[in-house]
Each structure stands twice: as C-alpha cells, then as structure tokens.
Amino acid sequence: VVGEAEDGEESIRVVQELRPDVVLMDVRMPRLGGIEATRAIAEVAPATKVLMLTVSDDEDDLYDAVRAGAVGYLLKEIPVDEVAAATDGHGSSRRV
C-alpha cells in the first residue's frame with residue numbers, strides 16, 4: 001500500500017501524486033462517489049487500474065463502474081487472498 005484516501009476527491013489527488021499501478025475503490029465514498037472518482041482517475045492517470053471493492057451488489061453500480069473505467073468489481077465479503085489475487089493481474093507493486 002502506497003497511499004490511502006478518505007473520500008473520492010482525495011483519491012484523485014493521491015493517484016496524481018503517487019501514480020499507483022492499482023487502486024482499490026469503494027462505490028460509496030464521501031464528497032465524491034467512487035464511480036465518479038474512477039472516471040476522473042481514468043482521465044488523469046490512464047495507466048492506473050481501478051478495482052472496485054465494495055459492499056454494493058447492485059448491478060447498476062457494477063455497470064456504471066465498468067463504464068467509468070474500473071477493470072474489476074469485487075464484493076468486500078470475499079476472502080483477502082482473493083482480493084490480493086485480483087490485484088496481481090493489474091499491477092506489480094504500487095497500490096492505493
């Protein structure tokens with residue numbers, strides 16, 4: 001982990017500063033939602049891959065996240081090793 005953000009707006013700033021390979025993003029975030037933040041990250045840091053990690057199993061959230069640029073959508077109830085495995089294919093070492 002190279003950085004953390006408290007809300008969607010901060011996540012964009014952190015990505016611009018640290019340029020991670022992978023970001024784990026929640027759909028529901030304060031100030032700016034995760035889907036909107038993902039869309040902004042795709043514009044300012046297109047090499048950074050965003051994986052949604054959320055409690056939302058709403059299909060609309062899934063489709064909106066993918067349209068915004070997310071490369072994956074994981075539910076928080078999955079085991080930690082599955083989260084790690086999902087990130088392995090999307091970046092080598094720099095994760096937010």
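**Figure 1. R19 sits in the loop that links α1 to β1 (22-25).** Helices and strands are DSSP runs, counted from the N terminus: H or I over at least four residues for a helix, E over at least two for a strand. The model shown in these views is a predicted one, where local features need pLDDT of at least 70 and side-chain atom pairs count only at pLDDT 80 or more, while totals for chains, interfaces and linings use all residues. Residues are numbered from 1 along each chain as its sequence is written, and side-chain values use heavy atoms, leaving out hydrogens and water. Have a look at the backbone here: phi of R19 is near 50°, which is positive although the residue is not a glycine. With a relative accessible area of 43%, R19 is partly exposed (buried is under 20%, exposed is over 50%, and partly exposed lies in between, using a 1.4 Å probe and protein chains only).

**Figure 2. R31 is found in the loop between β1 and α2.** Here is another positive phi in a residue other than glycine, with a value near 65°. R31 counts as exposed, because its relative accessibility is 60%.

**Figure 3. The whole chain follows the pattern α-β-α-β-α-β-α along its sequence.** If you are finding your way around, look for four helices and three strands. Of the 96 residues in the chain, 41% are buried. The accessible surface adds up to about 5400 Å², and carbon and sulfur atoms account for 49% of that area. These areas come from the Shrake-Rupley method with a 1.4 Å probe, and for residues only the protein chains shown count as cover. Take the contacts (heavy atoms within 4.5 Å) between residues at least 6 apart in sequence: 58% of them join residues at least 24 apart.

**Figure 4. Helix α1 (residues 8-18) meets helix α2 (residues 34-44), with their axes coming within 9 Å.** The two axes cross at roughly 20°, so α1 runs roughly parallel to α2. Axes are lines fitted to C-alpha atoms, for helices over the stretch in contact, and the angles between N-to-C directions run from 0 to 180 degrees. Under 35 degrees is called roughly parallel, over 145 roughly antiparallel, 65 to 115 roughly perpendicular, and the rest oblique. The crossing of α1 and α2 is right-handed, meaning that the near helix is turned clockwise from the far one by less than a right angle, whereas an anticlockwise turn would be left-handed. To trace the contact, start in α1 with G8, S11, I12, V15 and Q16, then look across to A37, A40, I41 and V44 in α2. These contact residues comprise six nonpolar, three polar and no charged ones. Nonpolar covers Ala, Val, Leu, Ile, Met, Phe, Trp, Tyr, Cys and Pro; charged covers Asp, Glu, Lys and Arg; polar covers the others, Gly among them.

**Figure 5. Helix α2 also packs with helix α3 (residues 59-68), their axes lying 8 Å apart.** The angle between α2 and α3 is about 15°, so this pair is roughly parallel. α2 passes α3 in a right-handed crossing. On the α2 side, the contact uses I35, T38, R39 and A42, and on the α3 side D61, D64, A65 and A68. Sorted by class, the contact of α2 with α3 has four nonpolar residues, one polar residue and three charged residues.

**Figure 6. A5 belongs to the segment before α1.** A5 is partly exposed, because its relative accessible area is 27%. Leaving aside residues up to four places away in sequence, A5 touches E10, S11, V14 and M29. For a link along the chain, find M25: A5 and M25 are 20 residues apart, and their C-alpha atoms are separated by 9.5 Å.

**Figure 7. K49 is part of strand β2 (residues 49-54).** A relative accessible area of 31% makes K49 partly exposed. Look for P20 as well: K49 and P20 are 29 residues apart in sequence, with 8.3 Å from C-alpha to C-alpha.

**Figure 8. D57 lies in the loop between β2 and α3.** D57 is exposed, with 63% relative accessible area. From D57 to L74 is 17 residues in sequence and 9.0 Å in space, C-alpha to C-alpha.
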